[in-house]
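Reader: Could you take me on a close look at the largest pocket? I would love to know what lines it, and then to follow the elements around it to whatever else they touch.

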Amino acid sequence: MRESFDRELQRLEAEIIRMGSEVEEHLTQVTAAFVERDAVTARRMIAADEAINERRIQVGLDALTLIATQQPMARDLRLIAAIMEIVGELERIHDYIKGIGKISLNIGPTPVLPTIAAHMPEMAETAREMLHLSLKAFAERDKELALRVPAMDDKVDFLFNHLYADVVAYVMENPLGTTHANSLEWALHNLERSADRTINICEWVVYMVTGVYREMSMGEYESPPAA
Amino acid sequence: MSNVATYSTNGGPYAIEAQDLSIYYGSFRAVKNINLRFPTHKITALIGPSGCGKSTVLRAFNRMNDLIPISRAEGVILFHGKNIYDHDVDPVEIRRRVGMVFQKPNPFPKTIYENVAWGARINGFKGSKTDMDALVEESLRDAAVWDDVKDKLNQSGLSLSGGQQQRLCIARAIATRPEIILMDEPASALDPISTLRIEELIQELKKNYTILIVTHNMQQAARASDYTAFFNMDADRAGYLVEYNQTDELFTSPKNEMTEQYITGRFG
Ligand SMILES: Nc1ncnc2c1ncn2[C@@H]1O[C@H](COP(=O)(O)OP(=O)(O)O)[C@@H](O)[C@H]1O
Ligand SMILES: [Mg+2]
């Protein structure tokens with residue numbers, strides 16, 4: 001009985017890691033597609049969202065079944081709670097990825113503003129690295145690592161703020177580019193929110209290890225900085 | 001967010017200052033070693049032959065060059081004692097406090113009212129509708145276009161004449177309450193009458209703002225500015241500052257032979 005419980009927990013944990021690395025890859029790929037105007041990849045990212053949604057639901061249902069049938073306690077219970085929350089965060093990060101893919105298709109073949117093309121991949125890479133480390137912290141039960149990741153969000157926010165400023169300046173000079181600028185801002189915002197979501201993952205890792213849930217993100221950019 | 005405000009030294013003699021400023025596009029150095037400071041509430045004209053880097057220098061003062069990823073600034077631009085290129089400076093804040101008017105009038109395809117309100121809103125204005133109405137009117141008045149548009153605030157900004165459009169764009173820049181206004185050949189797309197009206201307006205604006213204006217029109221520089229900076233291109237194609245002085249001095253007794261040749265139309 002206990003053995004099959006442990007095996008099932010391990011399976012769910014492994015599924016989180018697999019989903020997580022797919023989401024990581026898609027963060028990089030959708031951003032590259034966005035700045036390179038690669039519609040094929042953008043479409044693939046949008047299409048991939050369906051499967052992520054289904055896997056999230058499956059993980060959630062399996063976790064509920066475990067709770068109902070095994071009455072897990074203490075550390076086991078916290079692990080299951082973390083699994084259910086983290087899978088939700090992964091699913092939402094992928095929604096942002098899908099969002100960027102859709103915006104990319106809307107823009108069509110027009111090249112994106114050069115400053116975006118130059119710096120958005122760095123923003124995505126930082127968000128991807130944050131996600132990678134938060135999942136590593138999860139897999140290794142590494143509370144210290146989970147506590148360190150949120151500071152990386154400063155870099156994402158910094159790039160976001162500067163790119164946002166550049167988009168505003170671009171509109172000032174090119175009022176007819178407002179639609180393009182709007183699209184860019186949405187895409188940047190999606191990326192910025194993805195990074196925030198990785199902080200939520202870290203919060204659940206800390207909870208899982210210590211039993212204490214502590215808010216680590218400031219939720220700074222729930223609305224555009226200059227709106 | 002920006003640390004610029006902390007360094008505020010209101011009423012200082014210079015509104016902004018470049019120290020040993022060089023600007024590159026990739027490996028090409030477009031301007032080099034510029035040292036220049038701009039007296040508060042004065043008009044300074046930047047003149048020089050085409051391609052010598054006037055626009056490049058001008059756009060450095062509110063970090064518009066950030067939009068060009070291959071461009072890079074070396075040196076310092078001091079604004080209230082703070083280098084605007086420091087890592088912790090917020091470019092939104094800089095561009096609000098150092099406004100810009102472009103060569104071609106570029107109103108938004110929106111109403112006259114919205115054109116002015118948008119400028120304020122995107123830079124963080126959060127007042128009521130009444131406050132906004134007041135700000136729009138005041139900005140349009142300051143830009144000397146209120147009488148032309150007061151009865152048609154809901155018409156498109158694009159329905160105006162070229163000269164009116166440019167004054168609308170100046171109103172849009174004023175609406176963010178900047179300290180400095182950068183103007184890159186603001187009258188070059190306009191007829192002579194509209195050009196004169198813009199020049200008169202600029203004279204009015206200096207009561208409240210420090211103005212940096214790029215112009216290729218020597219008469220305009222001589223008529224409309226207090227100080228003039230003459231740039232030229234070196235053998236390596238990098239622009240540099242040849243001479244800076246009060247406008248009347250520079251145009252009557254230039255110190256440099258190159259300035260003399262340029263203002264008398266002998267090259268460029
Ligand atoms: N976006 C750019 N990319 C590369 N080179 C540029 C760019 N903008 C301007 N330059 C170069 O920089 C030099 C100065 O240009 P500019 O500042 O526009 O001069 P000016 O305003 O005096 O005519 C020129 O050699 C120009 O070709
Ligand atoms: Mg120019």
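## The largest pocket and what leads on from it

Author: With pleasure! The largest pocket has a volume of about 500 Å³, and please keep in mind that this is a predicted model. Its lining is made up of 21 residues, and those nearest the centre are A:H119, A:H162, B:R63, B:D66 and B:S71. Two or more lining residues come from each of α4 (114-140) and α6 (153-173) of chain A and from β4 (71-79) of chain B. The greatest contribution is that of α6(A), which gives six residues to the lining. By character, the lining divides into eight nonpolar, six polar and seven charged residues.

Let us follow β4(B) away from the pocket. This strand is joined to β1(B), residues 14-25, by seven bridges, and the two run antiparallel. Within that pairing, B:A73 of β4(B) is the bridge partner of B:I23. β4(B) also runs antiparallel to β5(B), residues 82-83, with two bridges between them. Here B:L78 stands opposite B:N83 of β5(B). The hairpin of β4(B) and β5(B) has two residues between its strands, and B:H80 takes a positive phi near 50° there.

From β1(B) the path goes on to β2(B). Eight bridges hold β1(B) and β2(B) in an antiparallel pairing, and one of the paired positions matches B:E17 with B:R37 in β2(B). These two strands make a hairpin as well, with two residues between them, and B:G26 in its turn has a positive phi of about 60°.

That brings us to the ligand. The shell around ligand 1 includes B:Y25, B:F28 and B:A30, and also the run B:P49, B:S50, B:G51, B:C52, B:G53, B:K54, B:S55 and B:T56, with B:I68 as a further member. Sorted by type, the shell has six nonpolar residues, five polar ones and one charged one. Some polar atoms come within short distances of ligand oxygens. For B:G53, a backbone N or O atom lies 3.0 Å from an oxygen atom of ligand 1. For B:K54, a polar backbone atom is 2.8 Å from a ligand oxygen. In the case of B:S55 the side chain takes part, with an N or O atom 2.8 Å from an oxygen atom of ligand 1. On its own, ligand 1 has 560 Å² of accessible area, and the protein covers 65% of it. The elements that supply two or more residues to this shell are β2 (28-39) and α1 (54-60) of chain B. Of these, α1(B) has the largest share, with three residues.

Finally, α6 of chain A deserves a second look. Besides giving six residues to the lining of the largest pocket, α6(A) takes part in lining an enclosed space. The structure holds one cavity of 30 Å³ or more, and the volume of the largest cavity is about 220 Å³. Among its 19 lining residues, A:M172, B:R95, B:G99, B:M100 and B:N123 lie nearest the centre. Two or more lining residues come from each of α6 of chain A and, in chain B, α2 (91-97), β6 (98-101) and α6 (162-174). The lining of this cavity consists of twelve nonpolar, five polar and two charged residues, while that of the largest pocket has eight, six and seven in those classes.

Technical notes
Residues numbered from 1 in each chain as written. Chains lettered and ligands numbered in written order. Predicted model: local features only at pLDDT ≥ 70, side-chain atom pairs only at ≥ 80, totals over all residues. Heavy atoms only, no water. Near = heavy atom within 4 Å. Polar contact = N/O pair within 3.5 Å; in protein donor to acceptor, adjacent residues only side chain to side chain. Areas by Shrake-Rupley, 256 points an atom, 1.4 Å probe, with all protein chains shown as cover. Helix = DSSP H or I, 4+ residues; strand = E, 2+ residues; numbered from the N terminus. Nonpolar A, V, L, I, M, F, W, Y, C, P; charged D, E, K, R; others polar. 1 Å grid on protein atoms, 1.4 Å probe; cavity = no way out; pocket = protein on both sides within 12 Å on 5 of 7 lines; lining within 4 Å. Points joined across faces, edges and corners; volume = space filled by probe spheres on them. Pairing = 2+ DSSP bridges.
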